[in-house]
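User: I'm new to reading protein models and would like some help. Could you take me through a few features, starting with how two helices pass each other?

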Amino acid sequence: MQKNSQETTQLIHVHSAEKWEQAFDALTDHVMILDRSGTIAWANRAIRDQIEPQTGPLVGHHYRTPYYGTTIPKSPPPWETVLAGALSAVVEIRFPSIPGDFLVSCFPLFDSHGIQWGAISVVKDITDRKRIEEALRKIAQSDHAPGSIAFLRFLIRDLCQALNVPYAILAELETPAQPHTQTVAIWANGTFVENTAWTPPPPVFEELLKVKGCSWNNSASTLFSQNSLPVSWPVSSYLGSALRGRAGQIIGLLLVFSPEAIGNIHVAQSIVQLFAARAASELQRKKAEDALRDSEQRYRAIVEHAYDLIIETTAKGECQYVTPNCHQVLGYGALDMLGKSFFDFVHPEERISLSESFHSHVQALQEIDMVCRLQTKQSEWRWFESHIHPFRTSVGTVVGVIVTRDITERKRSEEERVRAVKLESVGLLAGGIAHDFNNILTSVFANIGLAKMVTAKHALPEGEKVIERLAAGEKACLRARDLTKQLLTFAKGGAPVKSTTSMASIITDTVQFALRGSDVRCTMHFSDDLWPVEADEGQMSQVLQNLVINGDQAMPEGGTIGVEAENCAVVSEMSLPLKPGNYIRVSVTDQGIGIPQDHLPKIFDPYFTTKQKGSGLGLATTYSIIKRHEGHIAVSSSLGKGTRFTFYLPASATMPARNDETSEGLLQGTGRILVMDDEEEIQDVLGTMLQHLGFDVDLASDGQQAVALYTRAIHDGTPYVAAILDLTIPGGMGGKETFRRIKDHHPDAKVIVSSGYSNDPVMAHASQFGFSGFIAKPYNLVDLSKVLSRII
């Protein structure tokens with residue numbers, strides 16, 4: 001009975017031993033049973049298959065021999081502690097005799113009495129795991145910036161090292177769902193390859209689109225021909241994954257290639273998916289950073305090359321960024337403005353109100369527009385139009401962005417436009433008054449002249465005193481005529497009667513006359529080759545007289561007026577309201593008391609004056625005359641130092657005609673002259689003057705009567721030697737239409753046009769309208785004689 005029990009126990013032990021041996025033999029890890037001295041008592045199939053072909057049977061040999069190649073290693077093996085009595089040892093280690101990384105786990109073995117008789121050792125090859133961990137560590141600790149090309153390049157290098165494969169491609173899709181890519185990084189046999197456009201084989205691409213995880217094939221040589229890869233690689237297997245964006249869209253591809261079958265495919269797939277997810281994230285980061293960089297460069301280029309000045313300020317208005325064009329716009333360098341309040345540069349009259357408005361709007365994050373004057377580094381005040389956009393930064397700070405543009409020239413143009421409108425309004429009134437006044441003045445002026453001649457001819461008692469009084473009356477008429485000329489300058493449609501002339505002679509004659517009897521002296525300087533101008537000599541004389549008299553009155557204690565005239569080529573960069581071309585620039589400078597800055601914008605307005613006896617028409621007339629000559633006038637002044645007026649006139653390409661006229665007596669003519677005027681006083685005095693010159697006179701009150709008289713004279717064979725026609729006949733046919741009808745009957749008719757609107761275009765360009773000459777009211781016998789002498 002006892003014998004049977006012992007046999008049964010032995011059979012159970014044998015059967016149990018067979019089972020655990022079979023279990024350990026099925027493992028891929030090294031399993032050894034050691035006695036207390038470290039001698040191998042048993043080894044499983046995995047270590048026997050790997051070691052015994054080189055060393056022979058392991059059982060009976062010390063465990064150090066297969067792992068260290070010697071029984072006396074340099075450092076204590078992990079088994080020693082357990083053989084010496086430790087409860088366990090778990091250590092990662094590399095062995096001198098076997099390549100790779102290993103995890104050694106060693107535990108003691110005890111008999112039934114609890115006495116340790118040996119140890120069991122399990123050695124696990126963790127080379128692949130360590131390679132993967134090292135690759136992940138490199139990703140986490142990369143020295144290259146995330147999202148950079150370098151980061152993506154080293155990402156696929158580390159992937160190849162983790163999978164122990166030689167080739168990899170990271171590519172970005174050019175168009176979603178289309179197999180056209182641009183490679184981002186290529187790794188081949190330990191080096192990077194230059195990027196290129198790449199089209200993966202359609203079956204591979206379609207598989208990658210369909211599969212959510214990884215696609216792989218260990219028989220890929222037929223899929224990847226030599227011309228289907230950027231470089232000729234011997235491909236036997238591939239493993240790849242599509243890169244997906246945040247919205248799930250496919251943005252790229254990640255593939256690895258090997259000339260052998262990729263082992264441990266499930267682990268490899270997990271690794272590729274992990275790297276693909278990181279690559280997708282970094283690729284999107286790269287795209288976002290590239291887009292941001294492009295945007296920053298684009299907007300920096302826009303900001304730094306903008307015409308407008310752009311300033312970033314704090315909520316209090318302190319400048320913390322200024323665009324580089326600050327020097328061109330205001331004359332300051334950026335450092336001159338940084339740290340200072342924007343409102344330190346604003347004109348004192350506008351500073352307080354605009355500063356308060358700025359602060360309230362910026363704190364409320366409300367946009368605001370403002371127009372103000374800013375001081376340049378040259379101490380000039382210039383007008384600027386600004387738009388302020390406040391916003392809150394990512395850290396919560398409120399800042400304001402000021403985009404400001406110099407509108408000084410626009411303001412000046414607007415002021416000139418307003419001034420022109422004012423002049424036009426005055427002109428509507430002035431033209432009518434001047435016309436009627438000239439008609440009356442013509443009668444007075446002519447009759448005084450006739451009275452002087454009669455008195456002198458008949459030697460009447462007290463004749464000299466009478467002539468003296470009549471001469472004084474003529475002077476008064478001449479002053480009245482000058483006043484009407486100023487009024488007519490404002491008349492709508494008025495034009496100067498231009499001729500080619502020299503400004504030097506006009507300046508010399510006018511200045512000498514205007515300063516006669518004054519304590520003020522004048523210095524004149526003209527360019528030697530001063531260009532001629534197309535100008536109305538009378539109006540130019542009026543301009544210079546107004547400017548010189550103003551300078552004279554500004555220096556009651558005496559002083560010097562400087563007049564300069566020089567050639568000037570105007571170009572668009574000069575910011576003058578003139579067409580580019582050649583001009584004469586005339587400057588009149590005094591040393592007087594100066595003009596206050598707030599008066600300068602109004603200085604050319606009609607009726608604006610600071611003088612007790614001033615009419616306010618002098619500078620307004622000057623301004624209008626210059627404008628009608630297609631020129632420009634400007635003023636600058638400094639209190640206590642003086643004032644400078646500068647005007648520009650277009651230069652003429654032709655030289656002025658030489659004046660060879662000599663004084664001559666009154667014309668003594670014969671024949672008949674037709675006079676048409678609606679004013680009886682004009683008919684009477686003009687008829688008398690013509691009779692005094694030896695002509696017979698026929699009078700007409702309107703165009704129909706004049707045409708009838710002229711037609712009858714031609715029919716009777718006694719044509720008129722000349723006709724003098726008033727330009728404007730209220731309610732009747734005027735001079736232009738009458739002239740046209742006369743010409744129809746008598747093409748060679750000599751017709752003179754006359755008008756109180758001396759600046760009417762017909763008067764300014766009489767020959768262009770076909771008239772033989774013109775005579776502006778008021779006029780006297782001498783004026784009439786000169787006109788008739790030139791025509792008859």
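Analyst: Happy to help! This is a predicted model. When two helices meet, you can look at the handedness of the crossing, and here H18 passes H19 in a right-handed crossing. The residues that make this contact are Gly703, Ala706, Val707, Tyr710, Thr711 and Ile714 on H18, with Thr738, Arg741, Ile742 and His745 on H19. Sorted by class, they come to 5 nonpolar, 4 polar and 1 charged.

User: Why do the contact residues in a helix come at such spacings?

Analyst: An α-helix has 3.6 residues a turn, so residues three or four places apart point the same way. With that in mind, look again at Ala706, Tyr710 and Ile714, which are among the H18 residues in the contact.

User: At what angle do H18 and H19 pack, and how far apart are their axes?

Analyst: Helix H18 covers residues 703-715 and helix H19 covers residues 735-745; they pack at about 15°, and their axes are 10 Å apart. Angles under 35 degrees count as roughly parallel, which means that H18 is roughly parallel to H19.

User: Let's try another pair. How do H15 and H16 cross, left-handed or right-handed?

Analyst: The H15 and H16 crossing is left-handed. Helix H15 (residues 537-553) and helix H16 (residues 618-628) have axes that come within 9 Å and cross at roughly 140°. On the H15 side you will find Gln539, Met540, Gln542, Val543, Asn546, Leu547 and Asn550, and they meet Gly618, Leu619, Thr621, Thr622, Ile625 and Ile626 of H16. This contact has 6 nonpolar residues, 7 polar ones and no charged ones.

User: How many residues of H16 are buried?

Analyst: In H16, 8 of the 11 residues are buried, so the helix is mostly covered. The buried ones are Leu619, Ala620, Thr621, Thr622, Tyr623, Ser624, Ile625 and Ile626. While you are there, look just after H16, where Glu630 takes a positive phi of about 60°.

User: How do I read a single residue? Is Thr560 buried or exposed, for example?

Analyst: Start with its relative accessibility, since buried means under 20%. Thr560 has 18%, and therefore counts as buried. Next, find where it sits: Thr560 is in strand E21, residues 559-570. Then look at what surrounds it. Beyond its neighbours within four places in sequence, Thr560 is in contact with Val520, Arg521, Thr523, Met555, Thr589, Asp590 and Gln591. With Arg521 there is a polar contact between the two side chains, at 3.4 Å.

User: Which residues are partly exposed?

Analyst: Two examples are Leu27, at 38% relative accessibility, and Leu478, at 32%. Leu27 lies in the loop between helix H1 (2-25) and strand E1 (30-35), whereas Leu478 belongs to helix H13, residues 463-489.

User: How far apart in space are Leu27 and Asn44?

Analyst: Their C-alpha atoms are 8.2 Å apart, with the two positions 17 residues apart along the sequence. Setting aside residues up to four places away, Leu27 touches Asn44 and Ala46. You can do the same exercise with Leu478 and Phe445, which are 33 residues apart along the chain and have C-alpha atoms separated by 8.3 Å.

User: What does the whole chain come to in helices and strands?

Analyst: The protein chain has 21 helices and 29 strands. Of its 792 residues, 43% are buried. For contacts with a separation of 6 or more, 60% are between residues 24 or more positions apart.

Technical notes
Residues numbered from 1 in each chain as written. Predicted model: local features only at pLDDT ≥ 70, side-chain atom pairs only at ≥ 80, totals over all residues. Heavy atoms only, no water. Axes fitted to C-alpha atoms, helices over the stretch in contact; angles between N-to-C directions. Helix = DSSP H or I, 4+ residues; strand = E, 2+ residues; numbered from the N terminus. Parallel < 35°, antiparallel > 145°, perpendicular 65-115°, else oblique. Left-handed = near helix turned anticlockwise from the far one by under 90°. Contact = heavy atoms within 4.5 Å. Nonpolar A, V, L, I, M, F, W, Y, C, P; charged D, E, K, R; others polar. Buried < 20%, exposed > 50% of the residue type's maximum accessible area, 1.4 Å probe, protein only. Polar contact = N/O pair within 3.5 Å; in protein donor to acceptor, adjacent residues only side chain to side chain.
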